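Work through the exercises below with the model open. Each task is followed by its solution.

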Amino acid sequence: MAESDEGSNESDESDESSKMREKLLRSERDNRYLRKDSDQRKVLEEVFDRSTLLAVEALIARKDLRELYGVVNSGKEARVYYGLDGEGIPVAVKIYLISASDFRKRMGYIAGDRRFGKLPSGSRDTIYLWTRKEFKNLQLADYAGVRVPKPHAFLKNILVMEYIGAPPQPAPTFAESEVDDEDYEWSFKTIRALWKKAKMVHADLSEFNVFKTAKGPVLFDMGSAVLSSHPQAEDYLRRDVANMVRFFRKRGITGKDSDEWLGEILK
Ligand SMILES: Nc1ncnc2c1ncn2[C@@H]1O[C@H](COP(=O)(O)OP(=O)(O)O)[C@@H](O)[C@H]1O
Ligand SMILES: [Mg+2]
């Protein structure tokens, strides 16, 4: 049966829910990151559909979340917010858009991963599974000792995790930073650690998905990551390695070529 919240009007919305919506609307309106050309309400409705709002409320009730502030990043398929958890500690809240997402593209990164059984048939369920997958991937990487944002909680299309940076400012990515030999060494060491210890490949690795912090780099955006038993795992690994080799070469840092690194990681 289709979910009953689809297309329902707002008249039966709870007080709490409408208060939350108003608050989010205000925070979005004040937000300088919001695209100027967009129809604000429409964009909001895309993110905060009724079930997303209810999920935000449930996270608040569970004390996984206390506050949700402005948008840190507004991508095509997800938005990342700065918030506070139940204890007032900064968290990043990644909300996957249900309507805008091209869920078919994600299928290949779910099918073939033995952690997930039957494939969902609709975009909503696919996004929920994707959110859970990103949470699990972060957990696995964290357990293996790879530095990623620590996952705190997830519900439906919402993922709550450690905030990397000095809120409301996220840490700069490699793409936005100077990088050095240490970052270069770290990158391939980390790809190897993910493969060997977490038995996982990031599968969307690039300079845009690594933060550079004073305490060293932090890998993030792990929704695509699959286990090394996935039939395409080695192809994804090859692509990740090639992306990083290309990025560092562009910045004047060279060493082994992609094939040599791949051999090094697989051995
Ligand atoms: N844990 C985090 N802490 C702080 N900022 C974050 C965090 N996760 C994501 N962001 C911000 O959101 C941006 C996009 O996040 P990402 O997970 O890469 O989403 P997308 O799937 O849209 O690429 C990052 O470049 C960063 O600015
Ligand atoms: Mg990203």
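Domain bounds here come from an automatic or database domain assignment. This is a predicted model: local features need pLDDT of at least 70, side-chain atom pairs count only at pLDDT 80 or more, and totals for chains, interfaces and linings use all residues. Residues are numbered from 1 along each chain as its sequence is written, while chains are lettered from A and ligands numbered from 1 in the order in which they are written.

**Exercise 1.** Place ligand 1 relative to the domains.

Step 1. List the shell: a residue is near a molecule if its C-beta atom, placed from the backbone, lies within 6 Å of it. The shell around ligand 1 has 19 residues; Asn 73, Gly 75, Ala 92, Pro 170 and Asp 221 come nearest.

Step 2. Assign the domains. Domain 1 (16-169) and domain 2 (171-266) both contribute to the shell, so ligand 1 lies between them.

**Exercise 2.** Find the largest nonpolar core and its best-connected residues.

Step 1. Apply the burial test: 20 or more other C-beta atoms within 10 Å of the residue's own, with C-beta atoms placed from the backbone. Buried residues make up 39% of the 267 in the protein chain.

Step 2. Join buried Ala, Val, Leu, Ile, Met, Phe, Trp, Tyr and Cys residues through C-beta atoms within 7 Å. The largest core has 67 residues; Val 93, Ala 141, Ile 158, Val 160 and Val 201 have the most contacts inside it.

Step 3. Check the domains. This core draws at least three residues from each of domain 1 (16-169) and domain 2 (171-266).

**Exercise 3.** Which residues does Val 93 touch, leaving out those up to four places away in sequence?

Contact means C-beta atoms, placed from the backbone, within 7 Å. The partners of Val 93 are Leu 65, Leu 68, Val 80, Tyr 81, Gly 83, Ile 158 and Val 160.

How values were computed: A residue is buried if 20 or more other C-beta atoms lie within 10 Å of its own, exposed if 12 or fewer, and partly exposed in between; C-beta atoms are placed from the backbone. Two residues are in contact if their C-beta atoms, placed from the backbone, lie within 7 Å.
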